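Here are some comments on the model you sent, set out as numbered points. Please read them with the structure open beside you.

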Amino acid sequence: MKYNSTRNKNTVVTAAQAIAQGISEEGGLFVPQSLPKYSPEEIKALATEDYRGRAKRIFADFLSDFTEQEIAESVDAAYTAEKFGSDNPAPISYIESGSTRMSLLELWHGPTCAFKDMALQILPHLLTKSVKKTCAGKEAVILVATSGDTGKAALEGFKDVEGTRIMVFYPVNGVSPMQKRQMATQKGENVSVAAIEGNFDDAQTGVKRIFTNSEIKARLAENNKLFSSANSINWGRLLPQVVYYFSAYCDMLNEGKLSLGDKINVVVPTGNFGNILASFYAMNMGLPINRFICASNSNNVLTDFIRTGTYDKKRHFYTTISPSMDILVSSNLERLLYHLTDGNAEKVAQWMNELSAEGCYTVDADVRAKLSALFYGGFCDDENTKKTIRKLYKEENYLCDTHTAVAVNVYQQYVAETGDLTPAVIASTASPYKFARSVLQAVSDDELPDDEFAMVDELSAKTKTPVPAPLAALKEAKVRFELECSVDAMPETVLKGLGIN
């Protein structure tokens with residue numbers, strides 16, 4: 001298995017090179033040259049395996065320059081019952097409301113209580129092995145831009161991992177208080193965190209510019225270091241997400257919710273487009289998926305793109321109660337465009353240049369037709385997000401977070417509009433306790449307590465649901481990181497943090 005850049009088909013790398021490097025030299029993203037195909041019989045065989053067995057099988061098809069032992073070591077270390085609470089790190093909760101069947105794929109049982117753990121618990125193992133294969137002896141400097149969950153999950157995954165340093169940037173007013181505290185109290189000798197004066201797109205753009213800055217890269221090389229990424233622009237972040245869609249289908253087969261070959265719809269609350277793109281890869285590998293339902297909050301750039309074929313980031317940026325989706329530049333969409341154009345790297349590069357220079361681009365009629373056939377786009381504002389949380393809790397006794405509620409609401413819009421009752425797998429992406437203020441406001445009419453941890457306790461008492469242990473422990477954790485910087489100061493912050501003058 002080899003990988004191309006979305007912006008230059010002449011760039012060909014191995015899996016280890018793609019993971020170690022993170023992003024191509026010219027700014028493109030790495031994509032597999034081909035995809036393995038799984039027959040119904042092979043999916044049936046996958047269903048006899050546990051989650052780790054399914055992961056090992058799928059990884060083996062994509063990581064052909066890794067040994068069977070290297071893959072097994074990585075998977076077994078990442079997906080433990082100690083980290084995820086059971087041998088199945090991605091269980092499903094089933095809700096049948098009238099004729100609507102929803103299967104909530106709970107991806108937040110890991111150490112940071114968000115879906116990013118599913119990839120970021122294994123990425124450090126894949127990355128360190130990749131660096132040894134391609135750049136032996138060098139230290140990997142992981143740069144991360146986060147809208148909340150990726151930052152903590154990356155910090156937790158890479159803390160004290162030998163041969164790595166990790167630096168996380170987040171928008172100072174663009175994460176929840178719980179997300180901020182998770183990052184500010186992070187343990188580990190190789191970690192650092194800084195808030196930036198701007199939004200997530202500013203942070204993401206800043207990180208990409210550092211990645212492609214030849215002067216900074218040369219200074220790192222002089223100090224025996226290289227950049228890599230833990231954002232979903234890194235193939236090593238995206239590949240693990242493919243696994244849980246296959247695993248969900250297998251679990252539904254085993255639990256009698258599906259018959260082999262039955263199609264499902266996939267519903268994802270979407271920001272950077274990586275989570276929903278993973279399900280697109282799964283479909284192209286043989287998983288029976290009927291439609292991809294892309295759910296946005298008020299930052300509905302993806303909704304408009306799916307409906308019109310024009311991607312336009314020149315719009316008001318909303319700070320919402322679902323902050324992990326407060327994004328106007330969805331980086332992984334570039335990979336989808338590459339596949340929908342049958343690998344036309346020149347066309348993709350042109351669109352990305354237009355986005356950078358003019359703030360918008362419009363795809364051609366062929367791509368728009370493919371897009372509308374596969375994807376449905378919808379959005380949900382804060383008021384309706386809270387109403388959805390309240391309704392799910394009151395009627396179904398199911399407590400969800402603000403991002404999952406966006407997905408549920410948009411899915412209900414989709415059913416009302418289309419009448420399509422294909423069983424739906426909805427990605428439930430975070431614990432409700434990460435967004436305690438908003439969830440408590442949704443389910444209770446009482447006056448809110450004064451601080452975040454009092455809200456957490458109140459939410460637990462109100463709903464009779466347990467506070468996840470990793471979040472409860474934050475109350476007494478010591479704050480280590482309080483640095484703030486401008487976007488322009490990010491390169492200097494990185495070099496200073498690495499001790500490079």
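Is Y414 buried or exposed? The points below start from that residue and then turn to helices and loops; throughout, please keep in mind that this is a predicted model.

1. Y414 is buried, and its relative accessible area comes to 2%, a value that falls within the class because buried stands for anything under 20%. The residue sits in helix α19, which covers residues 402-418. If neighbours within four places in sequence are left aside, the contacts of Y414 are N265, N290, R291, I293, Y376, G419 and D420. One further pairing concerns G378, which lies 36 residues from Y414 in sequence, while the C-alpha atoms of the two are 7.8 Å apart in space.

2. Helix α10, made up of the 12 residues 200-211, spans 17 Å between its first and last C-alpha, which is close to the 16 Å expected at 1.5 Å a residue. Its buried residues are F200, D201, A203, Q204, G206, V207, I210 and F211. As a general reminder for reading such a list, residues three or four places apart on an α-helix point the same way, because there are 3.6 residues a turn. The buried residues of α10 pack against the strands β6 (139-145), β7 (164-171), β8 (191-196) and β9 (225-229), and also against the helices α11 (214-222) and α23 (490-497).

3. Helices α3 (residues 51-62) and α4 (residues 68-78) have axes that come within 10 Å of each other and cross at roughly 140°, which means that α3 is oblique to α4. The crossing of these two helices is right-handed. On the α3 side the meeting residues are R52, A55, K56, F59 and A60, and on the α4 side they are I71, A72, V75 and D76. Sorted by class, this contact holds 6 nonpolar and 3 charged residues, with no polar ones.

4. Two loop residues deserve a look at their backbone angles, since most residues other than glycine have a negative phi. N224, which is not a glycine, has a positive phi of about 60°, and its place is in the loop between α11 and β9. F273, also not a glycine, has a positive phi of about 75°, and this residue is found in the loop between β10 (264-269) and α13 (274-284).

5. Which of the classes, buried or partly exposed, applies to N224? N224 is partly exposed, with a relative accessible area of 40%, whereas F273 is buried, with a relative accessible area of 2%.

Note on methods: Residues numbered from 1 in each chain as written. Predicted model: local features only at pLDDT ≥ 70, side-chain atom pairs only at ≥ 80, totals over all residues. Heavy atoms only, no water. Axes fitted to C-alpha atoms, helices over the stretch in contact; angles between N-to-C directions. Helix = DSSP H or I, 4+ residues; strand = E, 2+ residues; numbered from the N terminus. Parallel < 35°, antiparallel > 145°, perpendicular 65-115°, else oblique. Left-handed = near helix turned anticlockwise from the far one by under 90°. Contact = heavy atoms within 4.5 Å. Nonpolar A, V, L, I, M, F, W, Y, C, P; charged D, E, K, R; others polar. Expected span 1.5 Å × (residues − 1). Buried < 20%, exposed > 50% of the residue type's maximum accessible area, 1.4 Å probe, protein only.
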